[in-house]
Each structure stands twice: as C-alpha cells, then as structure tokens.
There are 2 protein chains.
Amino acid sequence: MESNVPSSGVNRRTLLSTLAVLPIPGLLRTTPALGQDAGSHLASWNDGPAKQAIIDFVRATTDQTNPKFVPAEDRIATFDQDGTLWVEHPMYTQVIYCLERVPAVVAQKPELKNREPFKTVMSGNREAMAKLSLRDLEEILFATLTGMAVDVFDAEAKKWIETAKHPRWKRLYTELTYQPMLEVLQYLRDNGFRTYIVTGGGQDFVRVYAQQVYGIPPEQVVGTASGTKFGYDKDGKPFLTKDPKLLLNDNNAGKPEGIHLEIGRRPRAAFGNSTGDRQMLEYTGAGDGARLMMLVLHDDNQREYAYGPAQGLPDTKVGAFTEALYDEAKKDGWTVISMKNDWKRIFAFD
Amino acid sequence: MESNVPSSGVNRRTLLSTLAVLPIPGLLRTTPALGQDAGSHLASWNDGPAKQAIIDFVRATTDQTNPKFVPAEDRIATFDQDGTLWVEHPMYTQVIYCLERVPAVVAQKPELKNREPFKTVMSGNREAMAKLSLRDLEEILFATLTGMAVDVFDAEAKKWIETAKHPRWKRLYTELTYQPMLEVLQYLRDNGFRTYIVTGGGQDFVRVYAQQVYGIPPEQVVGTASGTKFGYDKDGKPFLTKDPKLLLNDNNAGKPEGIHLEIGRRPRAAFGNSTGDRQMLEYTGAGDGARLMMLVLHDDNQREYAYGPAQGLPDTKVGAFTEALYDEAKKDGWTVISMKNDWKRIFAFD
C-alpha cells in the first residue's frame, strides 16, 4: 500500500540537501559494514556526486537510527534496461532479434514477402531498416512472436541471446551490460533491496536471460507484455501460447502503471536514461521518505555512444535524453550519471 | 523459464506413489528439522492423506539428496483465496464490499438509482441481490471502483476490511481465514517457498490486507486487475487512477495466464477449491519434477458450509466443486482436503 501523504517536491529537495551534509564519519561508526560494502561494490565508479548519491541513499535507508530508514519489505529499486543496464545502440537488442526472425516467419507465411515492412527487412538494407517507424516495428514484433507456445519462444530467444553479437564490439549482447550498473544492482541487493527491471522491452524476452545476466529472477522483470492463451495440445497437456493482445506497453506512463500492476508498491529508487523513464522517476519521487532517482547520460562517444540531445549531444531515435528531461532532473533533484566522468570503465571487459 | 519437456500424467502418478512409499525415517535422519517443523506447523491438521501429502512434498523438495529436490528460487506455491484461504459464503467478500459501496456511488450519480442492477442493490433485498448475474456484478464492480485514485481506493478498502463483519459469525472477514491453511502458508515459507495468492478477486483489494492477514506481500498477490491511468493532480503531483479496462480476469484459464504475466514461473504447488482453479492446478501439474495439487472440499456444514456438488453436496453459485472436478482430481493425483475430516479446527477462534 502506498501512503496517502507523499512528500512534495520541496521535501525531496530537502532530503537531498540533507543527504549531502550528512556526517559521514558518524554514519560509518554506526554501520561500518556498509561503508566497506560501498567501497568494494562500486569499484568501477569514480568518486563524485553520482557515486555519493547512491552510497548516501543506501546508508540512510538501511540505518535504523536514521529518520530516512526504510523497512526491508519496502526496499524496491527499479531499473530501465535499454540504455540504462546495457547498450541500446544502434538498435534495441530485442528489435534486432525480431528483425532476424523475419526470414523464418516469411518462410512460413510467404504472402508477407512482398508486403511492407517485411519487404524492407528481407532486403537486408540496414539503412532502410533503421528508418522503419515504431508502427512498422510493432507489426514485425507481433508477426514474429504471436501464436508461439511460450516454452518455444523461451527456448528460441535463449538460443539467440547465447550466440548473437553486437556489430561494433563483436561480442555477445549480454557482455555489453554496464559494469558500474551491475555493481549498483549488487550493492542494493546486498543491502536488502529487491532489484526489478522495468523495461519497454518484451517481458518474456528479458526474463529469458535476466537471472543469468543481472541476477534478477523472472518475477522481478516487468516489461511490455502481450497476453497469453491457455489451451491443450493433442494429448490434453495444457500449455500457454503468446497472444497478439497487448496488455501492457511498459514505456512512458506505462512504467508506473506496470509497476502498480506487477509490484504493487512505489519504488524507493529508480534508474533510467530517457524520456520513456520520466514517469517512472516522477512516480518514484512522489512518494514520501528517502527516494533516489538517477538518469544515465550517454556522453562518451569513445567508450560507448554520445546521444541526447541534452547538452548538445546528437539526437537519435533511440533513447531520447532531451533538454526538457535534463531540466526536470535538475528541478526535481534527480542525479545525472555521466558515463564519461562517473564511470571508470563501461564494460567488464574494458 | 519453463522446461520444454514437462512430465506426462503418468509421471505425476509415479511421483505420487513414489512419495507414498518414501522411507520417512531415513528422510528424518537427513533433515531432522523438517520433521519437527511439520509437526509444529500443521497443528490444526488431523493425520491423514492430505496432511501427509503436504509433508511429503516439502520433505522431498527441500532435501538435496532427494531426486525431487527443487532449488530455492523455483519454490513457488500459489493459493486461490475465496473458499481456499477464507470463507466465500454466502457471497465473495469483495462483492459485499462493492454492494455496500453502491449507495455512495448512487449519491454521486443519481441517474443510476432507478437503473438495474443498482435499483436491486438499493432496495436492500438480500434475496434479490443474491440472484444478480455475473454481468450485473461486473457492472457494479466497474461503477464502484473505476475512476478512483489508487491511493483513495486503498484507504477506503482498508477502512472497510477493518470493520465489516460476516453475517453468520459476526466477526471480521479477516478472522474467517482457515487456520489449517495459514499453517500451510507458514510451513511452506519456512521451507523456502514463496507463497502467492492467485485470486479471481480484485488484485488491488486483496493487496490491501494480504500482508497482515496471510503474511503475503503485495507483489505476491495476482488477481483480477483493471488497468490504471497515470496522470497529474492540479499541483503537478503524479498519481494513478483505476481505469475501467479489464487487463486480467484471473479465473479459470486466466489463472495460469496471470501466473505467467506476473510471476513468469510455473508453480510447484497449487491450492484451490473450485472449477475456477482447475486450469491453475492443471498448469502446475504439467511441469516436471515434484508437484503438489490440492483442492479444499467444503463438506462441513456444522463448522463452515457444505456445498459442491461433488459427492451429493448442494450446488451453489459460489465455489463450484463439480463431479467433473472431483473425477479430474482422482485421475490426476490431486489431493482433496476434506474440511470435515482433515481439519481439527477451521478458524483460529474455534
């Protein structure tokens, strides 16, 4: 249950300034293990306001003597995936998966071959494919995923994610997770937080690898979800099939709606990187007590990508960090993580 | 992820006969604490096949030397609520809640006063109200719940559940939980299982009291769910409102579909009491390895109610335990719990 008296923006700001002036040596005395934890946990973070905000939040919420203490059952942290936990350029990984499944779908339904957007995908022209609209991509998603038995989908997606490689690094997509964020996940879990993924990506897709890659079990993955249909095979054995009915579009306003549907508690901490995460961070920040809202800014063209268009970074279709989002972050006391300045390394293999 | 090679019905039967002949003294030697646990945990159960099935299942799944061992992360048990965890007669508690809210709704929307089914509800004629169709009840549900802020709904439902009393026992509905089932919940949790409610009742409604009454946190309540709508109040503060769009009808086939949506794993154990739970038990049983499926039979007219119509019990609108369900239970090795014979007491206050 949510409290009916969440704090105002003023309280959030008060909280953040309070955290900033906390007597840290005193805290270290009451919770010595935490200080050590933070040091060893956040090894890929440079010292700075982003790292400090995470440490201060964890210390305050886990210290029973602190007025910002949060009971264990209420320690919920939600993370966007694409662009927040792993690389989202040049395209969302799941979109690539769906595009690569198109030939198999067309083989089964030849009437799609000369119909857009399938024709463009079959042409193999990457530049034309990059220009497909969101509606085109949705049509492809439904065509490639609908009507499959859930178990078959799981097995196929698992096989793909274990072999498919990113064009730039020639590495598995699952290796392109951000090491500093994996450290935050572990640091939060070691301090009693349950970590959730709340993604615009497909819930079933992310659940296939989330345990292995992020240490996040399937029941803690909230994502865009189609319905399923319960039925029986010819031997009377029950099974679930993926259904074309969209139940939850877990982007923008859909993120807090999905959190309410599948978690039923307001998060204490939320991490994102684009306008699609705005409402999740707003919803998190509107609760009372200790809250942590963070946005990853992709400003490192050398080690990853630079896009935004906040601070004059180039605008791309994927992962829009707009000036308006940047302004809201400043106004509401959300912490912006600069990949360039805050992260010692981006990937485990760096 | 589910395995793609679940066992057949034959394997389930094999499993159950295997469990029945397990050398229990040997098990007690390897896991002595469990034997003691079961004794103290299931204090309100008479010795018999139902109690034994629960103990055998827990021993097998938690004993690392047993081929039926289940790793902790996969220990998921799902429970229907109405008629399985608490009294569902003469009406589902949430239906009573909605009926009692009708006057307040009609006060706000006077045009409903002379329209059915609201007219019948306003008449106060309990007999006529009991005859309302499912469609009538749905219309009332939507009219009474839609458009409310989620926080307001939570606060109102909480207030109601803390004061409303059952007409027969003159006790709070939350006191009318079955003590033997509360013991099963605790016994499973103490052995590393996560216990979920999977209810045809409203997800938001049950989440209001599930922690306090069953020890089940909101994120482990799956139920019939309408959508919500994210928006802002006049001060710009974000909040969620209940939306009339039904996302999940968590009855019958909707139960395995809801389990897939919100848990993403097949349960190891499932408990129900009516045809609305059939597909959940079938889905649970279709997985491989150790599985436990149980049905509560209401055959105790003295201490609770007797209805069915299995074994010649009277047919009622609420909680149909049909002959066909009874036959399926026998055929598939599901265990039927007789309230009359298996439970020493029904309620904590007995």
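Begin by displaying chain A and chain B together: in this predicted model, 20 residue pairs are in polar contact between the two chains, both residues of each pair being at pLDDT 80 or more. Next, colour the side of chain A that touches chain B by element, and you will find that those giving two or more residues to it are α9 (150–161), β2 (194–202), α11 (203–214), β3 (221–232), β4 (238–248), α12 and α13 (278–285) of chain A. Of these, select α9(A), which supplies the largest share of that side, 6 residues. If you then recolour the same side by class, it shows 21 nonpolar, 7 polar and 16 charged residues.

Now take in both partners at once, since the contact draws 44 residues from chain A and 45 residues from chain B. About 3,900 Å² of area is buried between them, and carbon and sulfur atoms give 55% of it. Across this interface there are 6 salt bridges; to see one of them, select Glu219(A) and Arg265(B), whose side chains meet at 2.8 Å, N to O.

Finally, move to chain B and select its helix α9, residues 150–161. Its 12 residues should span 16 Å at 1.5 Å a residue, which agrees with the 16 Å between its end C-alpha atoms. Show the side chains of Val150(B), Asp151(B), Phe153(B), Asp154(B), Ala157(B), Trp160(B) and Ile161(B), which are buried in this helix. To find what covers these buried residues, add the surroundings, which include α12 (254–262) of chain A as well as α5 (93–108), α8 (134–145), α11 (203–214), β3 (221–232) and β4 (238–248) of chain B.

Conventions. Residues numbered from 1 in each chain as written. Chains lettered and ligands numbered in written order. Predicted model: local features only at pLDDT ≥ 70, side-chain atom pairs only at ≥ 80, totals over all residues. Heavy atoms only, no water. Helix = DSSP H or I, 4+ residues; strand = E, 2+ residues; numbered from the N terminus. Expected span 1.5 Å × (residues − 1). Buried < 20%, exposed > 50% of the residue type's maximum accessible area, 1.4 Å probe, protein only. Contact = heavy atoms within 4.5 Å. Buried area = accessible area lost by both parts, 1.4 Å probe. Salt bridge = Lys/Arg side-chain N within 4 Å of Asp/Glu carboxyl O. Polar contact = N/O pair within 3.5 Å; in protein donor to acceptor, adjacent residues only side chain to side chain. Nonpolar A, V, L, I, M, F, W, Y, C, P; charged D, E, K, R; others polar.
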